[in-house]
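Work through the exercises below with the model open. Each task is followed by a stepwise solution.

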Amino acid sequence: MKKLMMTMVAALMLTATAMAQENNGRREGRNFDPAEMVKAQTERMVQEYGLNEAQKAKLLELNTQYAGKLRMGGRGGQRGGQRFGGPQGGNQQGGMQQGERPSREQMEARMKEMRANREAYNAELKNILTEEQFSKYEEAEKQRMERFGRGPRRQQ
């Protein structure tokens, strides 16, 4: 009986240790620098579309400008710690408390804002890239949207 209890305690301790290490690894992955994310996104695009140095510099500037407005360097419904309602994300007009879900109107407004930001980004990007590079970019974006289930909306 003692051996069984000791074995169970040892297994429990090993499991707890493994979970602690796993959580620690996740925590480190979440500590990201938005500037580093922008640089990584820019480098990825330079490699993928074969940009020259002048294009790279303009793209880095564009990506930095839109980092908080698009997903690069930011998070889905949040921008640099902001929630839908404003900088503090508190209970201001249109604001939200922690854990509170946004209203349909807030979601629609946010989606409209994100769509406008994406269109503005693409318009400026079109001025940086050649026609061939931009068409390659559009095709890659289309494939990403389809892969993540965000393709063109279906008629109901």
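The exercises go from the whole chain to one helix, then to salt bridges and a surface patch. The model is predicted.

**Exercise 1. The chain as a whole**

Task: State how many helices and strands the chain has, and what share of its residues is buried.

Solution.
- Step 1. Count the elements. The chain has five helices and zero strands.
- Step 2. Read them in order. From the N terminus on, the elements run α-α-α-α-α.
- Step 3. Turn to burial. Of the 156 residues in the chain, 21% are buried.
- Step 4. Look at the surface. The chain exposes about 12200 Å², and carbon and sulfur atoms supply 52% of that area.
- Step 5. Check the contacts. Take those between residues at least 6 apart in sequence; 51% of them join residues at least 24 apart.

**Exercise 2. The two sides of α3**

Task: Find which residues of α3 are buried, and identify what covers them.

Solution.
- Step 1. Set the limits. Helix α3 spans residues 53-66, 14 residues in total. From first C-alpha to last it reaches 20 Å, close to the 20 Å expected at 1.5 Å a residue.
- Step 2. Apply the burial cut-off, under 20% relative accessible area. Gln55, Leu59, Leu62, Asn63 and Tyr66 are buried in α3.
- Step 3. Place them around the axis. They cover an arc of only 100°, so they sit on the same side of α3.
- Step 4. Recall the helix geometry. An α-helix has 3.6 residues a turn, so residues three or four places apart point the same way.
- Step 5. Inspect the other side of α3. Glu53 and Glu61 are exposed there.
- Step 6. Name the cover. The buried residues of α3 are covered by elements including α2 (34-49), α4 (104-128) and α5 (131-147).

**Exercise 3. Salt bridges within and between helices**

Task: The whole structure holds six salt bridges. Sort three of them by the helices they involve.

Solution.
- Step 1. Begin with arginine 144 and glutamate 48. Their closest N and O atoms are 3.4 Å apart. Arginine 144 lies in α5 and glutamate 48 in α2, so this pair ties together parts 96 residues apart in sequence. Glutamate 48 is partly exposed, at 28% relative accessible area.
- Step 2. Take glutamate 108 and arginine 104. Here the closest N and O atoms are 3.3 Å apart. Both residues lie in α4, four residues apart, about one turn of the helix. Glutamate 108 is partly exposed at 43% relative accessibility, and arginine 104 is exposed at 63%.
- Step 3. Return to arginine 144, now with glutamate 141. The closest N and O atoms of this salt bridge are 2.7 Å apart. Both residues lie in α5, three residues apart, about one turn of the helix. Glutamate 141 is buried because its relative accessible area, 15%, is under the 20% cut-off.
- Step 4. Link the pairs. Through salt bridges that share partners, Arg44, Glu48, Glu141 and Arg144 join into one network.

**Exercise 4. A nonpolar surface patch**

Task: Which residues form the nonpolar patch on the surface, and is methionine 1 buried or exposed?

Solution.
- Step 1. List the members. Met1, Leu4, Met5 and Met8 form the patch.
- Step 2. Give the area. Together they have about 490 Å² of accessible area.
- Step 3. Locate methionine 1. It lies in the segment before α1 (2-30).
- Step 4. Classify methionine 1. Its relative accessible area is 77%. Exposed means over 50%, so methionine 1 is exposed.

Notes
Residues numbered from 1 in each chain as written. Predicted model: local features only at pLDDT ≥ 70, side-chain atom pairs only at ≥ 80, totals over all residues. Heavy atoms only, no water. Patch = residues over 30% accessible without salt bridge, like charges linked within 9 Å, V, L, I, M, F, W, Y side chains within 5 Å. Areas by Shrake-Rupley, 256 points an atom, 1.4 Å probe, with all protein chains shown as cover. Salt bridge = Lys/Arg side-chain N within 4 Å of Asp/Glu carboxyl O. Helix = DSSP H or I, 4+ residues; strand = E, 2+ residues; numbered from the N terminus. Buried < 20%, exposed > 50% of the residue type's maximum accessible area, 1.4 Å probe, protein only. Expected span 1.5 Å × (residues − 1). Arc of directions from axis to C-beta. Contact = heavy atoms within 4.5 Å.
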